[in-house]
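Please open the model in your viewer and keep the selection panel at hand. The tour goes from one selection to the next and says what is found at each stop.

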Amino acid sequence: MAKKKRRRITFKYALHRLTHVKFSTVVILLILTVVAAVSILPIIYIISNAFKPLSELFLYPPRLFVRNPTLQNFYDFFYSTDVSAIPLSRYIFNSLFVMVITVAMTLVFSSACAYAFSKMRFPGRKWMFDMIIIALMFTPEAVVITRYLIVSNLGMINTYFAHILPHLALPIGVFLMKQFIDQVPDSLCEAAKIDGANEVRILLNIIIPAVLPAVGAVMILAFQNVWSDITTSTFYMVDESMKTLPYFVSTLSNALAVASVARKGAVAAAGLLLFLPNFLIFAMLQKSMIETMVTSGIK
């Protein structure tokens, strides 16, 4: 009886809440639902496209959902390097190796730099941080020549350092992390120094645990910055064995566009495989990204 009564009360309460929802709230919910539905359409199309047979890939107008799904596209993609001396596994290894090292080092440099700007006092601090803010306005294309000259003069052409070095400076990462570190009380750091902690220990044991949302956001940005990049393979790599998976996919797409349409499905499958890591990383860390953006805006 008690359970039935509790269910009856819960249903009555829910019905009461539904009948007293403001009209403006209903309108906002409907608008957000429509926006969410429209936003998810590209994701559905990418996934569906990867499983379409050739007969559906070239339909006009294009069809959103696949009717006769096939795995042939993935088979064609994984065997697309049969005619090449470089196996697909080499491109995948290069991408994973560069991605892991770059993301880890970007987190280290961004957090250390943000901590220095936020909690340390040194000459030129404000001027240097202003330069980082100005760097946010430059597009990657504006610094291509400068980056190439730096990489070339350092003797890094055709090395993994050329893949990693151009991505280590992430101005937006420094900015976001500084916004969070500014909210950590200075008294907390001073108390740690009195207890004998050095700057590195303060950063690792006090600052980083307090700004984990910003760490997650910077991880997403760093991953997206390096995972889909083809510029380092295009400008700095000479040997094909040093190039990454996104570069291989781009050349595969261009080759298919010029030579043949018989394996266009391989490009669709490759697009899904390149998209999935971005989607999974963002899905796992989206809470950190949203919290970081909201806090940075308020700050």
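Helices here are DSSP runs of H or I with at least four residues, numbered from the N terminus, and by that naming Ala135 belongs to helix α6, residues 125–135. Please keep in mind throughout that this is a predicted model.

**The whole chain**

Before selecting single residues, colour the chain by secondary structure: the protein chain has 15 helices and zero strands. If you then colour by accessibility, buried residues account for 34% of the 299 residues. Among contacts between residues at least 6 apart in sequence, 72% join residues at least 24 apart.

**Ala135 and Ser152**

Return to Ala135 in α6, which is partly exposed, with a relative accessible area of 29%. Add Pro171 to the selection, and the C-alpha atoms of Ala135 and Pro171 prove to be 6.7 Å apart in space, although 36 residues separate the two in sequence.

Ser152, in helix α7, offers another pair of this kind. Ser152 is partly exposed at a relative accessible area of 32%, and its C-alpha lies 8.1 Å from that of Tyr236, with their positions 84 residues apart in sequence.

**The loop before α8, and α8 itself**

From α7, move along to Asn158, which lies in the loop between α7 and α8. The backbone there deserves a look, since the phi of Asn158 is near 65°, a positive value in a residue other than glycine. For comparison, most residues other than glycine have a negative phi.

Next select helix α8, residues 160–168, where Ala162, His163, Ile164, Pro166, His167 and Leu168 are buried. What covers these residues? The cover of the buried residues of α8 includes α5, α7 (144–153), α12 and α13 (231–236).

**Thr106 and the rings of α5**

One residue to select in α5 is Thr106, which is buried, with a relative accessible area of 0%. Setting aside residues up to four places away in sequence, Thr106 touches His167, Leu168, Leu170 and Ala222; His167 and Leu168 are among the buried residues of α8.

Staying in α5, residues 88–119, select Phe93 and Phe97, which are four residues apart, about one turn of the helix. An α-helix has 3.6 residues a turn, so residues three or four places apart point the same way. How are the two rings of Phe93 and Phe97 arranged? Planes under 30 degrees apart count as stacked when the ring centres lie within 6.5 Å, and the count of aromatic pairs by this rule comes to eleven. The rings of Phe93 and Phe97 have their centres 5.9 Å apart and their planes at 20°, so the pair is stacked. Are these rings buried or partly exposed? Phe93 is partly exposed, with a relative accessible area of 43%, and Phe97 also counts as partly exposed, at 33%.

**Other aromatic stops**

Select Phe77, Tyr91 and Phe248 together, and you have one aromatic cluster. Then show Lys178 with Phe129: the charged end of Lys178 sits over the ring of Phe129, at 4.8 Å from the centre of that ring.

**α9 against α12**

Now display helix α9 (residues 171–181) with helix α12 (residues 212–227), whose axes are 9 Å apart and which pack at an angle of about 170°. Angles over 145 degrees count as roughly antiparallel, and α9 and α12 are therefore roughly antiparallel to each other. To see the side chains involved, select Ile172, Gly173, Leu176, Met177 and Phe180 in α9, which meet Pro213, Ala214, Val215, Val218 and Leu221 in α12. Sorted by class, this contact has nine nonpolar residues, one polar residue and no charged residues.

**A last stop at Ala197**

Finish in the loop between α10 (186–194) and α11 (199–210), where Ala197 is found. Is Ala197 buried or exposed? At 18% relative accessibility, Ala197 counts as buried, the cut-off being under 20%. With its neighbours within four places in sequence left aside, Ala197 is in contact with Ala192 and Ile202.

Definitions and conventions:
Residues are numbered from 1 along each chain as its sequence is written. This is a predicted model: local features need pLDDT of at least 70, side-chain atom pairs count only at pLDDT 80 or more; totals for chains, interfaces and linings use all residues. Side-chain values use heavy atoms; hydrogens and water are left out. Rings of Phe, Tyr and Trp (its six-membered ring) pair if their centres lie within 6.5 Å; planes under 30 degrees apart count as stacked, over 60 as edge-to-face and the rest as tilted. Helices (H or I, at least four residues) and strands (E, at least two) are DSSP runs, numbered from the N terminus. Buried means under 20% relative accessible area, exposed over 50%, partly exposed in between (1.4 Å probe, protein chains only). A charge sits over a ring if NZ of Lys or CZ of Arg is within 6 Å of the ring centre and within 35 degrees of the ring normal. Axes are lines fitted to C-alpha atoms, for helices over the stretch in contact, and angles run from 0 to 180 degrees between N-to-C directions. Angles under 35 degrees count as roughly parallel, over 145 as roughly antiparallel, 65 to 115 as roughly perpendicular and the rest as oblique. Contact means heavy atoms within 4.5 Å. Ala, Val, Leu, Ile, Met, Phe, Trp, Tyr, Cys and Pro count as nonpolar, Asp, Glu, Lys and Arg as charged, and the others, Gly among them, as polar.
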